[in-house]
Amino acid sequence: MPTRDATTHWEGGLQNGKGHVTLDSSNAGQFDVSFPTRAGNPEGQTSPEELIAAAHSSCLAMNLSGVLESQGLTAESIDVSAEVTLGPAAGGGFELSGIAITLRATVPGVDAEKFAELAKTAEQTCPVSKALAGTTITLDAALD
């Protein structure tokens, strides 16, 4: 399997500095980052938390699609949002204090109970969920 990479160039201190993140593997974009916009109003800049949310939501949507296919099911649609919260860490600094996932799907041929089971399996086996296992992740999954 391939690897993917991104780079960040940073100048200055934490409060007054600024950086630029480049998605190198795909060349899909370059994004400005700064701590004040990370901890406050984004003002058109991204943050590590937003990038993690993007990774988590897209990975989980793909993984759920695969879990459904393993059961002979195909989703008409899957919508996943991930809300990543940055908070103070015990002992100083910051940590990802939680990730709230909202998942909605339209899946013909499955009832709500079976869907909840499959969604939980998809969340537990999602590579990004596994990478973030040290963070509290909540899942709100339902059929549309």
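**Exercise 1. How many aromatic pairs does the structure hold, and how is the pair built?**

Before the solution, note that this is a predicted model, in which local features need pLDDT of at least 70 and side-chain atom pairs count only at pLDDT 80 or more, while totals for chains, interfaces and linings use all residues. Residues are numbered from 1 along each chain as its sequence is written, and side-chain values use heavy atoms, with hydrogens and water left out.

*Solution.* Step one is the count: the structure holds 1 aromatic pair, where rings of Phe, Tyr and Trp (its six-membered ring) pair if their centres lie within 6.5 Å. Step two names the partners, Phe 35 and Phe 94, whose rings are 5.5 Å apart centre to centre with 50 degrees between the planes. This pair is tilted, because planes under 30 degrees apart count as stacked, over 60 as edge-to-face and the rest as tilted. Step three places the rings: Phe 35 belongs to helix α1 and Phe 94 to strand β5 (residues 94–106), so that the pair links distant parts of the chain, 59 residues apart. Helices (H or I, at least four residues) and strands (E, at least two) are DSSP runs, numbered from the N terminus. Step four adds accessibility: Phe 35 counts as buried because its relative accessibility is 8%, given that buried means under 20% relative accessible area, exposed over 50% and partly exposed in between (1.4 Å probe, protein chains only).

**Exercise 2. Describe how β2 pairs with β1 and with β3, and find the residue with positive phi in each hairpin.**

*Solution.* Strand β1 (residues 6–11) and β2 run antiparallel and are joined by 6 bridges; two strands pair if DSSP finds at least two bridges between them. Within this pairing, Ala 6 stands opposite Leu 23 in β2. The hairpin of β1 and β2 has 6 residues between the strands, and Gly 12 in its turn has a positive phi of about 95 degrees.

On the other pairing, β2 and β3 are antiparallel over 4 bridges, and Val 21 has Phe 31 in β3 as its bridge partner. The hairpin of β2 and β3 also has 6 residues between the strands, and here Asn 27 takes the positive phi, near 55 degrees, a positive value in a residue other than glycine. Asn 27 counts as exposed because its relative accessibility is 62%.

**Exercise 3. Which residues line the largest pocket, and which element gives the most to the lining?**

*Solution.* A pocket is defined on a 1 Å grid over the protein atoms alone, as an open set of points where a 1.4 Å probe fits, with protein on both sides within 12 Å along at least five of seven lines; lining residues have an atom within 4 Å of a point. The lining consists of Arg 4, Asp 5, Ala 6, Leu 23, Ser 25, Ser 26, Leu 51, Ala 54, Ala 55 and Ser 58. Helix α2 gives the most, with 4 residues.

**Exercise 4. Is Phe 115 buried or exposed, and which residues is Phe 115 in contact with?**

*Solution.* Phe 115 lies in helix α3 (residues 112–125), and this residue is buried because its relative accessible area is 0%. Leaving aside neighbours within four places in sequence, Phe 115 is in contact (heavy atoms within 4.5 Å) with Leu 64, Leu 103, Ala 105, Val 107, Val 110, Ala 141, Ala 142 and Leu 143.
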